[in-house]
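Trainee: I am new to this structure and would like a close look at a single part of it. Could you take me slowly through one helix and what surrounds it, and then through the other parts that you think belong in a first reading?

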Amino acid sequence: MVTRPKAYRSVAIAFLLSAVVLCTATATNEPAPRFNAVTTSGEKFNNASIKGKIVLLEFWTTWCKYCVAEADYVDKLDKEYRDKGLIVLAINVGEPKKLVKKYLEQHPRSCRIVLMEDTNLAAMYEATVYPIYVVIDKDGNIADEQRGAGGEEALRALLAQAGIGGKADTVYE
């Protein structure tokens, strides 16, 4: 039996986990899966209602320190581009409504919040690590995806893939 150094096993495990994440990532330039979502304020969204708009989906949890750290960036982008055609849906994954409501009282958000019970999006995008960001372009196709935190510039680059922000700072309608 050949034994490998511990470092070798660690590298091999990291490589395999990376491959799994890459294999489960959503394909870009493919039509976004059919979905329905209802925000905590009662707004309803689906594939037809977002046509012609750019959508940023943020999958988050209250216990995720990276989600908490990036919430201000997401809210800032929502405020900056909402009037230019951006729809931000922050989907809380797997937590009870009461817990999320209490959390939002202590950590208010300006973007639209969707609870997992009010949408089928978390399952479609295999939301198991957080945060996850998915951008849907004006044609209803997945423009890009980011799994994990990356900061404000990474979010801006993600939106630029769909035609909003960047140097031109315009939305193509």
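Mentor: What follows begins with one helix, moves on to a strand and its partners, and ends with a pocket.

Please keep in mind throughout that this is a predicted model. The helix to look at is α6, which covers residues 152-161, and in it Glu152, Leu155, Arg156, Leu158 and Leu159 are buried. When you look down the axis of α6, these buried residues fall within an arc of 155°, and therefore they line one face of the helix. On the other side of α6 you will find Glu153 and Gln161, which are exposed. As for what lies over the buried residues of α6, the cover includes the strands β3 (54-60), β4 (86-92), β6 (132-136) and β7 (142-147), together with the helix α3 (65-81). If you follow the chain just past the end of α6, you come to Gly163, which takes a positive phi of about 100°.

Now turn to strand β1, residues 36-39, where the side chains alternate along the strand: Ala37 and Thr39 point to one face and are buried, whereas Asn36 and Val38 point to the other face and are not buried. One partner of β1 is strand β2, residues 44-46, and the two pair in the antiparallel sense over three bridges. Within this pairing, Val38 has Lys44 of β2 as its bridge partner. The two strands β1 and β2 form a hairpin with four residues between them, and in the turn Gly42 has a positive phi of about 95°. Strand β1 also pairs with β5, again in the antiparallel sense, over two bridges, and here the bridge partner of Thr39 is Val114 in β5.

Strand β5 leads us to the largest pocket, which holds about 180 Å³ of space. Its lining is made up of Thr40, Ser41, Glu43, Lys97, Val100, Lys101, Leu104, Arg109, Cys111, Arg112, Ile113 and Leu115. Both α4 (97-106) and β5 (112-119) supply at least two residues of this lining, and the largest share, four residues, comes from α4. Sorted by class, the lining of the largest pocket has five nonpolar, five charged and two polar residues.

Note on methods. Residues are numbered from 1 along each chain as its sequence is written. This is a predicted model: local features need pLDDT of at least 70, side-chain atom pairs count only at pLDDT 80 or more; totals for chains, interfaces and linings use all residues. Side-chain values use heavy atoms; hydrogens and water are left out. On a 1 Å grid over the protein atoms alone, a cavity is a set of points where a 1.4 Å probe fits but cannot get out, and a pocket is an open set with protein on both sides within 12 Å along at least five of seven lines; lining residues have an atom within 4 Å of a point. Grid points are joined across faces, edges and corners, and a volume is the space filled by probe spheres set on the points. Ala, Val, Leu, Ile, Met, Phe, Trp, Tyr, Cys and Pro count as nonpolar, Asp, Glu, Lys and Arg as charged, and the others, Gly among them, as polar. Buried means under 20% relative accessible area, exposed over 50%, partly exposed in between (1.4 Å probe, protein chains only). The arc is that of the directions from the helix axis to the C-beta atoms. Contact means heavy atoms within 4.5 Å. Two strands pair if DSSP finds at least two bridges between them.
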